[in-house]
Amino acid sequence: MHEITISNFHGLLRQDPSNGPALVAYYLEAIKQHDSILRTLITVNPEALQSAEQKATETETFNKNNTPYPALHSIPIILKDNYGTEKLPTSAGVSALQTLRTTNSEVVTRLLNAGAIILAKANLHEFALQGTTSSSLGGQTLNPYDASRTPGGSSGGTAAALACNLGLVGCGTDTMNSLRSPASACGIVGFRPSTGRISCTGLVPVSETQDVAGPMGRRVCDVRALYEAMKDKDGDRSIATSISSRRPRRQIRIGVLEAYFPLEGSCRESELLSENKIIQDIIRNSLFSVASQDEDIILVPIPQSSHPDWSITTLLEKADTQAFEFKHYLDKFLQSPCIKSTPHCTLDSIIRSGDYNQKASTYVLTAALEDAETYSLGSVAHKERLKYIASLKESLAECFDAYDIDALAYPHQRQLPVKIGTTIQPGRNGVLAALTGRPAICIPAGRSPSSECAVLGVPVGLELMGRRWEDDELLDIAERAEGILEARIAPDLN
């Protein structure tokens, strides 16, 4: 059952329905053995094994009648703890919200209807506002490949748990980098779908402009299966009419976004420069391997001079909407019908309680409380950011069309995950996809050299960004690349 996929597990269920409860028991034992140190989870579902036993009875009926299983039948899933769940608390990692109770979010309802079992809810960075997965409720999650480093974030608990085989698949959210950053750092797959493909109703929000929910797993095939169950099927018909009709072709053209390889600015720190060289070499070698072993894939260099300023620094300064939207949408969520009970109905109340991790917080948390006129939905500054995002979408579309590419490729992170004790992860490249609403996926590309702290090395992720709404096409490309690279390796927990 180690490293098992959804398809293989369903094959085992056809042989013996008792394999369902056995898998859950396997994960519960692994959690008991390892998670007190790794701190990947906030809540383990006390009814998970009972649910698996009930599913085993259903499995017997499916097998007897030789009928297909529901897509996620008996699949144990780990949810980031900002997914609203009726039977388990939803905290967003915040001590002040540890007793918050909600109804099931729309996406959780879809997962349960597809046959999934909620195994546990995972730690995340406080309020999902940064990338090192440190929270007042869940503590600091460790990177399973190097316990001196963070697991990325904000969906780092889900990623680290999946990396260690504490669950089969998982779900996270992504406002800037948060599905792909921990996927890169923990050697798994994280997929940010096109904005709007999966409902965020009932999830603790950050920014309506940038938030998405998405799947995580050890293999692209599992991520694809989970995505199919999560996405809004009613939206497919309207979305299909928006996809530009391009001639089907055999060749896949992947643009290599050169501007996203070196460190930004004039960094002279030898350690960071060394890390960046390692990452550049891993990503370039992985792209060369993919193109050389798949004759249908062509690499197209995208020089920095060919597009406007897409630097991460510029995008954060001119386009990021988090600080303008966070308070409004969090307050709206805390006062919404999906809330069954909550100790706080506003962000201001949470801040006044002091019951949160102030060291893990950024200006996004308090900006609207300190300057409500500037940091609001109706402000001139917010409107300017939305205008900048619109122009950014146009420039990215022009680049795709000018080079006739199907995807852009680059390292998700230009440096390795930061050390424990640091609460901000620089060097991440995910914001371009987040602002433009395009699908993006991070897959394992390799690992840094072995060290005393990281016997297997630290994982490095290759990010691929596709055309708007062409999520399935991007998953196809990622699966082909994954099949060539085979870079996933489980951490050594002994």
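A salt bridge is a side-chain nitrogen of Lys or Arg within 4 Å of a carboxyl oxygen of Asp or Glu. The predicted model shown above holds 25 salt bridges, and several of them serve as stops on this tour.

**The whole chain**

Begin with the entire chain displayed as a cartoon. The chain contains 16 helices and 15 strands. Its radius of gyration is 21 Å, close to the 23 Å that the globule rule gives for 494 residues, so the chain is as compact as a globular protein of that length. Along the principal axes, the C-alpha atoms fill a box of roughly 60 × 60 × 55 Å.

Next, display the surface. The chain exposes about 19,000 Å², and carbon and sulfur atoms supply 50% of this area. Buried residues account for 60% of the 494 residues. Of the contacts between residues at least 6 apart in sequence, 76% join residues at least 24 apart.

**First salt bridge: Lys-121 and Asp-81**

Select Lys-121 and Asp-81 and show their side chains. These side chains meet in a salt bridge, with 3.0 Å from N to O. Which parts of the chain does the pair tie together? Lys-121 belongs to strand β4 (residues 117-122), while Asp-81 sits in the loop between β2 (76-80) and β3 (101-102), so the pair ties together parts that are 40 residues apart in sequence. Are the two partners buried or exposed? Lys-121 is buried, at a relative accessible area of 0%, and Asp-81 is buried as well, at 1%.

**Second salt bridge: Arg-219 and Glu-482**

Select Arg-219 and Glu-482. The closest N and O atoms of this salt bridge are 3.9 Å apart. Arg-219 is located in the loop between β9 (212-217) and α7 (220-230), and Glu-482 in helix α16 (residues 471-485), so this pair ties together parts that are 263 residues apart in sequence. Arg-219 is partly exposed, with 24% relative accessibility, whereas Glu-482 is buried, with a relative accessible area of 8%.

**Third salt bridge: Arg-467 and Asp-401**

Move to Arg-467 and Asp-401, whose side chains form a salt bridge of 3.1 Å, N to O. Arg-467 lies in the loop between β15 (459-466) and α16, and Asp-401 in helix α14 (residues 380-402); the pair links distant parts of the chain, 66 residues apart. Arg-467 counts as buried at 8% relative accessibility, but Asp-401 is exposed, with a relative accessible area of 52%.

Within the loop between β15 and α16, also select Trp-469. Trp-469 is not a glycine, yet its phi is positive, about 75°. At 16% relative accessibility, Trp-469 counts as buried.

**A network of salt bridges**

Select Asp-174, Arg-180, Arg-192 and Glu-463 together. Salt bridges link these four residues in a network.

**The surroundings of Arg-488**

Now centre the view on Arg-488, in the segment after α16. Arg-488 is buried, with a relative accessible area of 15%. Which residue's side chain makes a polar contact with the side chain of Arg-488? The partner is Glu-3, at 2.6 Å. In addition, a polar atom of the Arg-488 side chain lies 2.8 Å from the backbone oxygen of Ala-163. Beyond its neighbours within four places in sequence, Arg-488 is in contact with several residues, including Tyr-145, Leu-162, Asn-165, Cys-186, Arg-218 and Pro-444.

Select Glu-3 itself, which is in the segment before α1 (6-15). Glu-3 has a positive phi, near 65°, and is a residue other than glycine. At 28% relative accessibility, Glu-3 counts as partly exposed.

**The cysteines**

Cys-186, one of the contacts of Arg-488, leads to the next stop. A disulfide is a covalent bond between the sulfur atoms of two cysteines. How many disulfides does the structure hold? The structure holds zero. Cys-186 is in no disulfide, and the nearest cysteine sulfur, that of Cys-164, is 7.7 Å away; the cut-off for a disulfide is 2.5 Å. Cys-186 is buried, with a relative accessible area of 0%.

Select Cys-345 next. Cys-345 is likewise in no disulfide, and the nearest cysteine sulfur, that of Cys-338, is 12 Å away. Cys-345 is partly exposed, at a relative accessible area of 40%.

**Last stop: a cis peptide bond**

Finally, select Gly-153 and Ser-154 and show the backbone. The peptide bond from Gly-153 to Ser-154 is cis, with omega near 15°. Ser-154 lies in the loop between β6 (139-140) and α5 (156-163).

Definitions and conventions
Residues are numbered from 1 along each chain as its sequence is written. This is a predicted model: local features need pLDDT of at least 70, side-chain atom pairs count only at pLDDT 80 or more; totals for chains, interfaces and linings use all residues. Side-chain values use heavy atoms; hydrogens and water are left out. Buried means under 20% relative accessible area, exposed over 50%, partly exposed in between (1.4 Å probe, protein chains only). Helices (H or I, at least four residues) and strands (E, at least two) are DSSP runs, numbered from the N terminus. A polar contact is a pair of N or O atoms within 3.5 Å; within protein, one must be able to donate a hydrogen and the other to accept it, and residues adjacent in sequence count only if both atoms are side-chain atoms. Contact means heavy atoms within 4.5 Å. The radius of gyration is taken over C-alpha atoms; the globule rule is 2.2 Å times the number of residues to the power 0.38. Accessible areas come from the Shrake-Rupley method with a 1.4 Å probe; for residues, only the protein chains shown count as cover.
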